[in-house]
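Please find below a colleague's note on the structure, set out as numbered points. The remarks begin with a term that a later point requires.

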Amino acid sequence: QVQLVESGGGLVQAGGSLRLSCAASGRTSAMGWFRQGPGKEREFVAAISRSGGSTYYLDSVKGRFTISRDNAKNTVYLQMNSLKIEDTAVYYCATTRGLRATPRLYEYDYWGQGTQVTVSS
């Protein structure tokens, strides 16, 4: 069983940046970031294939967020720029058993505990 630990969340002003990290206890396949805002369902944010050569984004974060990974460190990152108040949420990383990046929540088997991102005006 893979354990995932997110870090890098915090409080930032609108327009600012944060970089989230997700460290895995072992080798992982495709990875994804999801978020859950107050009173909202968990939603897909970004995904990356095992090789890192393929990525997939939620339309509202395209051009602002970048997902990347370092397989030597078993770590995936989410660089978030030009943050908006509506990006406020708990952010979770997750891993699938497949190699391809996917936005489908049900394809993810293991989840981290989440890290809070709060964007203020």
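1. In this note, two residues are in contact when heavy atoms of theirs lie within 4.5 Å. The coordinates come from a predicted model, and the points below should be read accordingly.

2. Thr 118 belongs to strand 11. Beyond its neighbours within four places in sequence, Thr 118 is in contact with Gly 10, Leu 11, Val 12 and Thr 88. Thr 118 counts as partly exposed because its relative accessibility is 28%, and the partly exposed class runs between the limits of 20% and 50%. Arg 104 precedes or follows at a separation of 14 residues in sequence, and the C-alpha atoms of Thr 118 and Arg 104 are 25 Å apart in space.

3. As to secondary structure, the protein has 11 strands and zero helices. Its pattern along the sequence is accordingly β-β-β-β-β-β-β-β-β-β-β.

4. The largest nonpolar core consists of 25 residues, and those with the most contacts inside it are Trp 33, Val 45, Phe 65, Ile 67, Leu 78, Met 80 and Tyr 91. At least two residues of this core are supplied by each of strand 3 (18–24), strand 4 (31–36), strand 5 (43–48), strand 7 (65–70), strand 8 (75–80), strand 9 (89–96) and strand 11 (115–120). Strand 3 provides the largest share, four residues.

5. A further core, of six residues, lies apart from the largest one; Phe 34, Phe 44, Ala 101 and Tyr 108 are among its members.

6. Which residues does Val 45 contact, leaving aside its neighbours within four places in sequence? They are Trp 33, Phe 34, Arg 35, Tyr 56, Tyr 57, Leu 58, Val 61, Phe 65, Leu 78 and Tyr 91. Trp 33, Phe 65, Leu 78 and Tyr 91 are also listed, with Val 45 itself, among the residues with the most contacts inside the largest core.

7. On overall dimensions, the radius of gyration is 13 Å, which agrees with the value near 14 Å that a compact globule of 121 residues would have. Along the principal axes, the C-alpha atoms fill a box of roughly 40 × 25 × 25 Å. Of contacts between residues at least 6 apart in sequence, 58% join residues at least 24 apart.

8. Concerning burial and surface, 46% of the 121 residues count as buried. The accessible surface comes to about 6,200 Å², and carbon and sulfur atoms account for 46% of this area.

9. Finally, the protein carries 14 positive and 9 negative charges, and the mean positions of the two sets are 6 Å apart.

Definitions and conventions:
Residues are numbered from 1 along each chain as its sequence is written. This is a predicted model: local features need pLDDT of at least 70, side-chain atom pairs count only at pLDDT 80 or more; totals for chains, interfaces and linings use all residues. Side-chain values use heavy atoms; hydrogens and water are left out. A nonpolar core is a set of buried Ala, Val, Leu, Ile, Met, Phe, Trp, Tyr and Cys residues joined through side-chain atoms within 4.5 Å. Buried means under 20% relative accessible area, exposed over 50%, partly exposed in between (1.4 Å probe, protein chains only). The radius of gyration is taken over C-alpha atoms; the globule rule is 2.2 Å times the number of residues to the power 0.38. Accessible areas come from the Shrake-Rupley method with a 1.4 Å probe; for residues, only the protein chains shown count as cover. Lys and Arg count as positive and Asp and Glu as negative; His and the chain ends are not counted. The place of a charge is taken as NZ of Lys, CZ of Arg, CG of Asp or CD of Glu.
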